[in-house]
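I opened this notebook to keep a record of what I looked up in one structure. The entries follow the order in which I worked.

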Amino acid sequence: MLALTELGQRLRQERESKGLSLEDLQKLTKIQKRYLLGIEEGNYEVMPGKFYVRAFIKQYCEAIGLDTDAIFEEYKSDIPSTQTEDMPQQLSRVRSRKEIPQHTKGVSKAYDYLPTVLVVAGVVVVGIIIWVIAQNIVSDKNKEQANQEAPNSEVQQSNTQEETNETTAKNDNSKSEDEQSAADKKEQEKEKAEKEKAAKEKAEKEKAEKEKAEKEKKDSGKQEYKEVQKTGRSATYALSGTDAFNLEVTSTQADTWLDVKNGKGNAFFSSILKKGETKEFDLTKETEARVNIGYSPGVELKVNGKAVDLPFDASKQVRQVVTIQYQPAEAQ
C-alpha cells in the first residue's frame, strides 16, 4: 500500500469521521472505489487522466462536505495540474525568450536579432501545433476509456436505485405496520375500557339487587298483606309492617292491559303489558295504589319481592282490580 499524501490523509480522516466507507462514498459520487482509494493514497496513475484527478477530488470533497476551493489552494502541491493550465506558463516562457531588445540599444541592433526571433517564433508555432495534435489524441483516448467505464457507472447507478426503492418499500411497510399496530393497540384499549365499564356497571347492579333483595327479605319477614274487602271484580288489601312498597307485575301467558294509579288518580302506567314483560313500581311514598288488570290469566303480582295471590280465580274473573292501602312501619 502507498503512503498517504497530506491531502489523501485529510480526505480519509474527514470520510471516516462521518462514518462513511469507500463503498458508501462510491454510491454517493458514482466514482469507482479504486479511483477513490487512488485519491487517498496519492496514486493518480490509476486515473484516466489528470483532468479526472481534479474532477474526482472535487466530487470527493463535495460528498464529505469540504470547501473545494480551499482544499485545492491548501494542497495544490499534491494535486496535479492539467496540461491546459500549464500552457499559459509555456507561452509566457516563449515570450520571454523572444522579447524585443531595449530601444536604448538602437533600431539597427533590433534588426540584427530579427532573423533569430523569426526562427524561434516558427519553432514555437510548430511546437504549439504538435502539442495541440498530441492533446487531441490524448483527449480522444481518455474519452474512449471513460465511455468504456460508463456502463459500469450506469450499472452501479441502477443498483443504487434498486436499493433505494427497496429501502423505501421497507420504510413504507414498516410505517404501515406501525400505524396498524397503533390502531390495534387503540382498539384493544377501547375494548378493555368498555369491558371494565360493563363489569363495573354489572357489579353495581348486582350490589343494588342484592341490597334490594336483602331489604325485601328483611321487610317480608315482618310485613303483613291482608285482605280488607272484596266485591265484584275488585278487592282491597292492607300492606303494613314494612318501610317499603315495591310492586312488580309480570304477564307470563299473553298481552294484557295494565293500569296502575295512586290514590289521587295519577297514573304510573297505562298501556299494554306484553307477554313475558315485567313492570316495577316504587310506591313507597304513596298511601294507596290501584292496579287494574285487563287479562288476569298468567299475571303475577309481587309486593316487596314476595309473590301475592290475585283476589279472584283468573279463569272465572278475567278482569280484576286490586287496591293496596299502604301504611309505613315507622308511622305505626
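**Entry 1: a pair across two strands**

I began with a single bridge: E227 has Y237 of β2 as its bridge partner. I then looked up the two strands concerned, and found that β1 and β2, the latter covering residues 234-240, pair in the antiparallel sense over 7 bridges. I noted that the model is a predicted one. As background I wrote down that strands of a sheet pair through backbone hydrogen bonds, either parallel or antiparallel.

**Entry 2: the sheet of 6 strands**

I next asked in what order the strands of the open sheet of 6 strands stand. I read the order as β1-β2-β10-β7-β4-β5, and the pairing as mixed. The edges are held by β1 (224-231) and β5 (267-273); each has a single partner strand, so one side of each is left without a neighbour in the sheet. I also looked up the turn between neighbouring strands of this sheet, which is 15 degrees on average, direction ignored.

**Entry 3: the sheet of 4 strands**

I then turned to an open sheet of 4 strands, whose order is β6-β3-β8-β9 and whose pairing is antiparallel. Its edge strands are β6 (278-282) and β9 (306-308), each of which pairs on one side only. From one strand to the next, the twist averages 25 degrees.

I followed β8, residues 299-303, to both of its partners. With β3 (residues 246-251), β8 is joined by 5 bridges, and the two run antiparallel. One residue pair here is L247, which stands opposite V303 in β8. With β9, β8 pairs in the antiparallel sense over 3 bridges. On that side I recorded L301, whose bridge partner in β9 is V308, and K302, which stands opposite A307 in β9.

The hairpin of β8 and β9 has 2 residues between the strands. I checked the backbone there and found that N304 takes a positive phi near 55 degrees.

**Entry 4: the two faces of β8**

Which residues of β8 form its covered face, and which its uncovered one? I listed V299, L301 and V303 on the covered face, and E300 and K302 on the uncovered face. I set beside this the general rule that in a regular strand the side chains alternate between the two faces of the sheet.

**Entry 5: salt bridges**

I asked how many salt bridges a search of the whole structure finds. The search gives 12. As a general note, side chains of opposite charge can pair when their charged atoms come close.

I looked at helix α1 (residues 6-17), where E14 and R10 lie 4 residues apart, about one turn of the helix. E14 forms a salt bridge with R10, and their closest N and O atoms are 3.9 Å apart. I checked the exposure of both residues: E14 is partly exposed, with a relative accessible area of 21%, and R10 counts as partly exposed at 24% relative accessibility.

I then moved to helix α4 (residues 50-64). E62 and K58 both lie in this helix, 4 residues apart, about one turn of the helix. Their side chains meet in a salt bridge, at 2.6 Å from N to O. Here E62 is partly exposed, with a relative accessible area of 45%, and K58 counts as partly exposed at 38% relative accessibility.

A further salt bridge links E224 with K226, the closest N and O atoms being 3.4 Å apart. E224 counts as partly exposed, at 38% relative accessibility. I finally looked for salt bridges that share partners, and found that such bridges join R10, E14, K18 and E74 into one network.

**Entry 6: the protein as a whole**

I closed with totals. The protein has 7 helices and 10 strands. Of its 332 residues, 27% count as buried. I looked up the exposed surface as well: the protein exposes about 22100 Å², and carbon and sulfur atoms supply 50% of it. For contacts between residues at least 6 apart in sequence, I recorded that 65% join residues at least 24 apart.

Conventions:
Residues numbered from 1 in each chain as written. Predicted model: local features only at pLDDT ≥ 70, side-chain atom pairs only at ≥ 80, totals over all residues. Heavy atoms only, no water. Pairing = 2+ DSSP bridges. Axes fitted to C-alpha atoms, helices over the stretch in contact; angles between N-to-C directions. Buried < 20%, exposed > 50% of the residue type's maximum accessible area, 1.4 Å probe, protein only. Contact = heavy atoms within 4.5 Å. Areas by Shrake-Rupley, 256 points an atom, 1.4 Å probe, with all protein chains shown as cover. Salt bridge = Lys/Arg side-chain N within 4 Å of Asp/Glu carboxyl O.
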